Amino acid sequence: MTVLPDDGLSLAAEFPDATHEQWQRLVEGVLRKSGKDVSGTAAEEALSTPVEDGLTTRPLYTARDTAPDAGYPGFAPFVRGRRAEGNAADGWGVRQRHAGTDPARVNEAVLADLENGVTSLWLPVGRGGIPVSGLARALDGVYLDLAPVALDAGSDYEPAARELLRLYAERGVPDDAARGTLGADPLGHEARTGEELDPAAALELARLCAGRHPGLRALTVDALPYHEAGGSAAQELGASLATGVAYLRALTGAGLSVEAACGQLEFRYAATADQFLTIAKLRAARRLWARVAEASGAPAAGGQRQHAVTSPVMMTRRDPWVNMLRTTVACLGAGVGGADAVTVLPFDHSLGLPDAFARRIARNTSAILLEESHLARVIDPAGGSWYVERLTAELADAAWEFFRTIERAGGQAAALRSGLIAERLAATWAERSRELAKRREPVTGVSEFPHLAERAVAREPAPAQPSGGLPRVRRDEAFEELRTRSDARLTETGARPKVFLAALGPAAAHTGRATFAANLFQAGGIEPVHDPVSVDASTVAGAFAASGAEVACLCSSDALYTEQAEAVAEALRSAGARRVYLAGRGDFAGVDEYVFAGCDAVAVLSSALDLMGVAS
C-alpha cells in the first residue's frame, strides 16, 4: 500500500499545465478513428453544434471565452439577480396557474395548492377563464395579504383589476400589503388575438399602483406568445424588450418617472428543458433590460422582475408522464437562472384541465428543488461558468439585434401589425420543424421511444385559449397527426397499420438497425412485426404473409445487404409487399426507399400511411 506524504502540498502542485493545442491533438486522434481527418480548430469545430439565432455551442469552454462582467446581485447590469439576496433568503415564488371557468372549482384547487406549498396564484380571468364577477368566489378564503395574485385577463384586464382592488379594500388588506400584478398587457393580447386594445386604462392602473400600492404592478410583458409561435430564445427576448420599451415610453408619457415606470412591469418568459439556454435566457434578459434602464437615465431601476413558465411548446400529448421530467429540468433552469416566480405547468396541461395529482406533482417540483436539492442556497450558481457566461453574452447580443430590427420597423405594435414578427417567427419554426421531422431534435415518447400500447390519458377539456393572432405550435404536432391517423385505423379495424421487419443474419448483425427501424415506424403509429427474428430469401415470403403487414423493411449489416438484400427484396415483392424499405443507405435493386438517421421521418411515415390507405 502506497502511503502519501503529509507534506501540506497542493494536490495539483506537481501536475504540468496542459494547453488548448494539446487537447485539440487528442480530439484529432479520436475523430480520425471515426473517419474524420481534421486538425487544429477544424477538429474543435467538428464537435461544435449550431443552434438557433446563429449561435454555436462549442465542445469546450475555457477562460479564453471571455464575457462582459456579470457584476453582483442587486446591482446593474443585474445579470446575477435583481435582488442583493437573490433567491437565497426565501427561494423563488411557487406560482400555480389555475385555469377553469367555474369559480367554486377554481377556489377548491386554489386552497389545496396554497395549503401545500404554492406561494402565489396565476388566474386567467374573463374570456377563457374565471368570470370577472366570479373572482371573489374563486378567492374565497385566500389571505390576500399573504398570497400574491397575478391576473391574466386579456381584453378584460381593467374590470378584472378593478374587481381585485375592490376585494383588497373589502377584505381589509392595507394598500401597501397587496402583492402581485394586475396583468394588463395590451400588446401581448394583440399578439395572441390580433385585437388592438387602448392602453389608456393600463396607464391609469399603473398610476394608481405607483401612488397607492407599492407591491402591485399594473403591467405584464408576456413573452409566451412569441415562444408559443415558434420563436427562438433571442426572438422571445427581443420581442419582450420591444414591448417593455413601448410600455416604458407610454408610462413616462403619462407622467410616471422612469423608476416608477420600470417598477410597474413584470416580464414573463418560457423555461424549456434546455437548462443551460433557460439559465442564459433569464440572465440575458436582465442584462438587456438593465441596458434599457441605463439608456433611459435610471440604471438603478433596471432590475427586471421575472416570472418563468415551463414551456407549453415542449409538452407532449403522447406519453405525457415524460412531461414531469421536462418540467423538472425547466424549473431547475428557471430557478438557477434567477426567476422571481416559477410556474410549473402540470404534466397533463396539453390534454385539458389538470387533475389534483398533476397539480400536486407540479407544485412539488419546486418544493423538491428548493428544499431537497437546495438550488436557492447560492445566488446565481451558474455564474462564472465559462459556458453559461459566454452563452448569456451571445444570446443577449442576438436578442438586441432582433430588438433593433423591431425598433427600426416602428416598434412592437407596428412590427406586429405589419406582419414582421409573425414572418420572423414562422421562418424560425419552419427550420426547427425540419429538425424535428428528421429527429435531430428528438421528442422522447413521441419521435423517439414511442409506446404504441400506451393507454391514453383523458382529461376534461380546458377552456378555449385566445386566438386570432400569432399561432400556437407544439414540438409534437407533426408526429401527433401521424399517431392520430393510426389510432383511427385501430378504432375502425381493431389493428394498427404494420411493417414487417425483415432481419437478415444473426442478431449481432441486425439488432441495431432493427431497433432503429422499429423506433422510427412506431413514431408514426406503424406497428413493427419482427417475427421470426431472422429471415432469408427462402423464408421471408411466408413470414411476410403471416405478419399481416403491407410494407416491409430490411434490417442488417452493410455486408449482409450486399449478399442478400436484392434477393430478399424480390421475394418480398413477390409476396405482395407494396413498398420495401431498407434501414441504412445503399443502392439495391428492389428497394424502394432508404431510412436512416437524419432522414425526414415525418415524410417517410406520412407516405407509408398514405400507401396503406390510412386516412388523414
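**Helix crossings and salt bridges**

User: Why is the crossing of helix 17 and helix 21 called left-handed?
Analyst: A crossing gets that name if the near helix is turned anticlockwise from the far one by less than a right angle, and it's right-handed if the turn is clockwise. The crossing of helix 17 and helix 21 fits the left-handed case. By the way, this is a predicted model: local features need pLDDT of at least 70, side-chain atom pairs count only at pLDDT 80 or more, and totals for chains, interfaces and linings use all residues. Residues are numbered from 1 along each chain as its sequence is written, and side-chain values use heavy atoms, leaving out hydrogens and water.

User: What makes helix 17 and helix 21 roughly parallel?
Analyst: Their axes cross at roughly 20° and come within 10 Å. Under 35 degrees counts as roughly parallel, over 145 as roughly antiparallel, 65 to 115 as roughly perpendicular, and the rest as oblique. So helix 17 and helix 21 are roughly parallel to each other. The axes are lines fitted to C-alpha atoms, for helices over the stretch in contact, with angles from 0 to 180 degrees between N-to-C directions. Helices themselves are DSSP runs (H or I, at least four residues), numbered from the N terminus.

User: Which residues make that contact between helix 17 and helix 21?
Analyst: A478, F479, L482 and R485 of helix 17 meet A601, V602, L605, S606, L609 and D610 of helix 21; contact means heavy atoms within 4.5 Å. They split into seven nonpolar, one polar and two charged. Nonpolar covers Ala, Val, Leu, Ile, Met, Phe, Trp, Tyr, Cys and Pro, charged covers Asp, Glu, Lys and Arg, and the others, Gly among them, are polar.

User: What makes helix 19 oblique to helix 20?
Analyst: Helix 19 (residues 540–547) and helix 20 (residues 558–574) pack at about 45°, with axes 9 Å apart. That angle sits outside the parallel, antiparallel and perpendicular ranges, so helix 19 is oblique to helix 20. V540, A541 and F544 of helix 19 touch V568, A571 and L572 of helix 20. By class, that's six nonpolar, no polar and no charged residues.

User: How do you know that R249 and E407 form a salt bridge?
Analyst: The rule asks for a side-chain nitrogen of Lys or Arg within 4 Å of a carboxyl oxygen of Asp or Glu. R249 and E407 come to 2.7 Å, N to O, so they pass. The pair links distant parts of the chain: R249 is in helix 9 and E407 in helix 14, 158 residues apart.

User: Why is E407 called partly exposed?
Analyst: Buried means under 20% relative accessible area, exposed means over 50%, and partly exposed is in between (1.4 Å probe, protein chains only). E407 has 23%, so it's partly exposed.

User: What makes R283 and D380 a salt bridge, and are they buried or exposed?
Analyst: Their side chains meet at 3.0 Å, N to O, which fits the rule. R283 lies in helix 11 and D380 in the loop between helix 13 and helix 14, so the pair ties together parts 97 residues apart in sequence. Both are buried. R80, R283, D380 and E389 are linked in a network of salt bridges.

User: How many salt bridges does the rule give?
Analyst: The count comes to 46. Among them is R432 with E441, at 2.8 Å between the closest N and O atoms, and both R432 and E441 are buried.

Definitions and conventions. Helix = DSSP H or I, 4+ residues; strand = E, 2+ residues; numbered from the N terminus.
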